[in-house]
Amino acid sequence: MLAPWQQASEWPDRIVVTFEGDPATSLSVNWRTAASVTATRAEIAPALPDARFDQQAVSAAAQSEQVSLATLELAGIQIPIEQNAGLSPAGFHSVRFDGLEPDTLYAYRVQGAEGKWSEWFHTRTAPLSGPIRFIYLGDAQNGIDSHFPRVVRAAFQKAPDARFILHAGDLVNRASRDLEWAQWFRASGFIHGMVPAIPVTGNHEYDRHGLTEEDRQRALSILWRPQFRLPVDETLSAELHETVYDVRYSQDLHVFVLNTNSPDMAEQARWLDAKLAASDATWRVITGHHPVFSSGRDRDNPRVRDVILPVLLKHRVDLVLQGHDHTYARGTVGEDPQTPARRAATGADGVTTMFVNSVSGAKQYNFSENGWDEYAPTGVELNRQAENTQFYQIISLDAGALHYTAYTADGQLYDEFRLTKDQDGSKTIAPETPGLPETRSFTNTLPYSGVQN
Ligand SMILES: [Fe+2]
């Protein structure tokens, strides 16, 4: 099945901002056209109040590539992608604007064929430091065209000044199926052009291709790298490029993205350990798709937990944002044993690391029967949970405090915590917010049945 608005044309579409360089001084912009557009460009100008701000625009040539959508090359063999049958190749373009001023509003536009321009989009570079907020979304994956749009739009409405949207994997259900990406871009529309994306690869960003059942191989979505210009860390194996990266957003926030699809997470654990040791940012946030502590019934990822959890706790990472389990779960590993005296002195609970699993799309799983009890030996405690509910999260922070909020799709506050950080790096958590809604579960919500896409 193909949708009429899915086909690429000479006009630019699927416009999304990403971070490749320093977010304070650069912006990367990605867009798509028909493959007939082989060379094009983008323009950028400071966003002045003057109607003709555009007269100060500077132009940058795009990097362009043609992507065959209906076939995939694996080990030199062309393999048909049946889900994309009938789709012509597309042109994917990107520009990285450099030399920008920090915390400054810019206007940019992108071109398809000569003279065929997008509208001007406003987007803001990162501040060197100071208060910011961002949006975090769990799996969209199912009902991308029907049930996910209301969530991402509600999140944008709640935090229109969000500096970026972190998508914690399973953005789509079938990795290389162009229709689902068309739906994903349509769900957020112009939001992607204004609020940069930090995309994470989930298991559904990979699928299996082969001419015969025996030689089917797992491959990253053919669209991932062409449509998201992301940092290439040369210290990592080539297959991890643009799926494992970090974004040092400001002095106050450093984000580290893992690809938890790797059968062996040791390389990423070493990378993360070295990166965290070198990071001087106040708050360090890790994101990866498969959760360290599972909340879906009969699901567990010891492959991730065994090697990644020790690194997270060693560096006292503040927040871990995940997806995969199609439930909501948030829990804490408390203060490490060195500081009980401090806890006694302040009367507040200390925190080492906070973990969250969330879901933004339609698919919903049962929560594990015994919560996170089986993980008790690690020191983690489950603080809040939900089933059968779509969520978005808004996280605000500055040098002294981090305020986390989770909202249901209709904008009700469902979960919240506030962390403060002292000069010595120790964190305390404010007492629980009173008056939050009762725990949502399959027993007290509308009957659930699966959603097709
Ligand atoms: Fe998922």
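User: Four donors count as tetrahedral if all angles lie between 85 and 135 degrees, and as square planar if opposite donors are over 155 degrees apart and all others between 65 and 115; anything else is irregular. Which of these terms fits the site of the iron ion?

Analyst: The model is predicted. The four donor atoms of the iron ion make angles of 84 to 173°. That range goes beyond the limits of 85 and 135 degrees, so the tetrahedral label is excluded. The term assigned to the site is irregular.

User: Which residues coordinate the iron ion?

Analyst: The donors follow the spacing D-x1-Q-x28-D-x155-H along the chain. Their distances from the iron ion are 2.1 to 2.3 Å. The coordinating residues, with their donor atoms, are Asp139 (OD), Gln141 (OE1), Asp170 (OD) and His326 (NE2).

User: How many residues apart are Gln141 and His326?

Analyst: Gln141 and His326 both coordinate the iron ion. Gln141 belongs to the loop between β11 (132-137) and α1 (149-158), whereas His326 belongs to the loop between β19 (319-322) and β20 (328-334). The pair thus links distant parts of the chain, with a separation of 185 residues.

User: Are Gln141 and His326 buried or exposed?

Analyst: The term buried applies under 20% relative accessible area, and exposed over 50%. Gln141 and His326 fall into one class, which is buried.

User: Where does the largest nonpolar core lie with respect to domain 1 and domain 2?

Analyst: This core has 80 residues, of which Leu166 and Leu253 touch the most other members. Domain 1 (12-126) and domain 2 (131-447) each give residues to the core, so its place is between domain 1 and domain 2.

User: Which residues does Leu253 contact, leaving aside neighbours within four places in sequence?

Analyst: Leu253 is a member of the largest nonpolar core. With those neighbours set aside, the contacts of Leu253 are Ile132, Phe134, Phe164, Val247, Arg248, Ala281, Trp283, Val285 and Leu397.

User: Why is strand β24 described as largely enclosed by the rest of the structure?

Analyst: Strand β24 covers residues 401-408, eight in total. The description holds because the number of its residues that are buried is seven.

User: Which residue of β25 is the bridge partner of Ala406?

Analyst: β24 pairs antiparallel with β23 (residues 391-397) over seven bridges, and Ser396 stands opposite His403 there. Seven bridges also join β24 to β25 (residues 413-421), again in the antiparallel sense. β24 and β25 form a hairpin with four residues between them, and Gly411 in the turn has a positive phi of about 90°. Within β25, the partner of Ala406 is Asp415.

Technical notes. Residues numbered from 1 in each chain as written. Predicted model: local features only at pLDDT ≥ 70, side-chain atom pairs only at ≥ 80, totals over all residues. Heavy atoms only, no water. Donors = N, O, S within 2.8 Å, 3.2 Å for Na, K, Ca; no water. Tetrahedral: all angles 85-135°; square planar, octahedral: opposite > 155°, others 65-115°. Helix = DSSP H or I, 4+ residues; strand = E, 2+ residues; numbered from the N terminus. Buried < 20%, exposed > 50% of the residue type's maximum accessible area, 1.4 Å probe, protein only. Core = buried A, V, L, I, M, F, W, Y, C linked by side-chain atoms within 4.5 Å. Domains from an automatic or database assignment. Contact = heavy atoms within 4.5 Å. Pairing = 2+ DSSP bridges.
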